[in-house]
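Colleague: Before I look at this model in detail, could you take me through a few of its local features and give the reasoning behind each answer?

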Amino acid sequence: MATERPSAFALAAAGLLSLAVAMGIGRFSFTPMLPLMIREGQLDVAVGGWIAAANYAGYLAGALTAARVPLGAPRLGIVALVATAVLTALMAWPGFVPWMLWRFFAGVASAWVFVATAVWCLGALAARGEHHRGGFVYAGVGAGIALAGLYCWAAGALRVAAASLWVQLAVLAAVLMLPVVTIATRIDSPAPAPRPKDVAGAPPRAPAGLVWCYGAMGFGYILPATFLPVLARNVIDDPLWFGLAWPVFGATAALSAVVAPSWMRRASRLAVWSRCQWAMGVGALLPSLWPGAASIALSALLVGGTFMIITLAGVQEIRARVPDAPTAAVGRMTAAFAWGQIAGPVASALLLHIPALRERGLELALQAAAGVLFASAWWLQREAASHSTKEMSHAR
């Protein structure tokens, strides 16, 4: 008896939940957990920066190896989701070296889920002509961040021990992935298409400027994305309040992923990207100049509300620029993004280990991130203007 195909809504919902588990828990649960672990004396901000960098290094490794794993996309996604739940639970047992290992492998798993979901979920939706549901699927990133953040916020307000909270997050991941497993096992995994080559025989390459700007976004957004709850805790040491910074970040990211497609129909992708990069730079800069609840809340809105729009605009722009080899081009941008997000926590950790800069290391890192974002936004703005001029010339 033939298995009934899942509906388009079921596919999109499963994709959303898959990304929610992979990103909200697998990648970013450490962010709302960090101030709670600091409060318990388990680590400090500098150590937290190295552990965060390990997760981002794992994400880079996962992005580079996902295509080489001998599993179809649905099965790869399921295996990686199970690994995410297990690795999250292992964080309950303290130790710097184990924490580094678990977060590294959690980064690998989250990258595998992200790549696999793009193949089995977005591919199945595209085959049905349901491209418009892609924004709903990508909203899972912000939804997962908001959900994990709210859970940690409530647990922190109740003074739940960090070790117990890690186990609870693992259980939450396991529950959320059950519908994903049900849907993904009913999807046929297509064979990968051969990589096309240009006239010289080498795979077409993504434009270096766009790759650099995407990497700059990785460097710029990851510092506030990692340390916003810590910055909030420095202002008010009450988890009932400092824990809200991360859920706000996630909720804004989820909403922006839904509204981004309509904005990009009214303005060029480069113009949208440039404006969001400017806004993200302001969001990274504010907490370092005016520490306070208002600036941290505004930072959460500006950074959380732009990073998914930049992701969508950047990926669409690079696919349009390199139509003959979009997978390779997107892969190069993803690698640049991963290198950028590794460099952010490493830079902050190095600054915090310099005695003369220990008190201001995080603020200096945020200012460096803002500078990189502003420089890349300026380049994108010029690139958008140049493209607009060329299009007007061709129209004449």
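Modeller: What follows is a short set of questions and answers on this predicted model.

Colleague: What span should helix H5 (residues 96–127) have, at 1.5 Å a residue?

Modeller: Helix H5 has 32 residues, and its end C-alpha atoms lie 46 Å apart. That separation agrees with the span expected at 1.5 Å a residue, which is 46 Å.

Colleague: On which residue is the kink in H5 centred?

Modeller: The helix H5 contains a kink of about 30°. The residue at its centre also belongs to the lining of the second largest cavity, and the kink is centred on Thr 117.

Colleague: Which helix gives the most to the lining of the second largest cavity?

Modeller: This cavity holds about 40 Å³ of space, and its lining comprises Leu 19, Phe 114, Thr 117, Ala 118, Leu 122, Val 137 and Tyr 138. By class, six of these residues are nonpolar, one is polar and none is charged. Both H5 and H6 supply at least two lining residues, but the helix that gives the most, with four residues, is H5.

Colleague: Is Thr 84 buried or exposed?

Modeller: Thr 84 sits in helix H4 (residues 73–90) and touches Val 21, Gly 26 and Ala 109, leaving aside residues up to four places away in sequence. Its relative accessible area is 0%, and because the cut-off for burial is under 20%, Thr 84 is buried.

Colleague: What is the phi of Arg 159?

Modeller: Arg 159 lies in the loop between helix H6 (134–157) and helix H7 (162–184), where it is exposed, with a relative accessible area of 55%. Most residues other than glycine have a negative phi. Arg 159, although not a glycine, has a positive phi of about 60°.

Methods:
Residues numbered from 1 in each chain as written. Predicted model: local features only at pLDDT ≥ 70, side-chain atom pairs only at ≥ 80, totals over all residues. Heavy atoms only, no water. Buried < 20%, exposed > 50% of the residue type's maximum accessible area, 1.4 Å probe, protein only. Contact = heavy atoms within 4.5 Å. Expected span 1.5 Å × (residues − 1). Bend = angle between axes of the 7 residues up to and from the residue. 1 Å grid on protein atoms, 1.4 Å probe; cavity = no way out; pocket = protein on both sides within 12 Å on 5 of 7 lines; lining within 4 Å. Points joined across faces, edges and corners; volume = space filled by probe spheres on them. Nonpolar A, V, L, I, M, F, W, Y, C, P; charged D, E, K, R; others polar.
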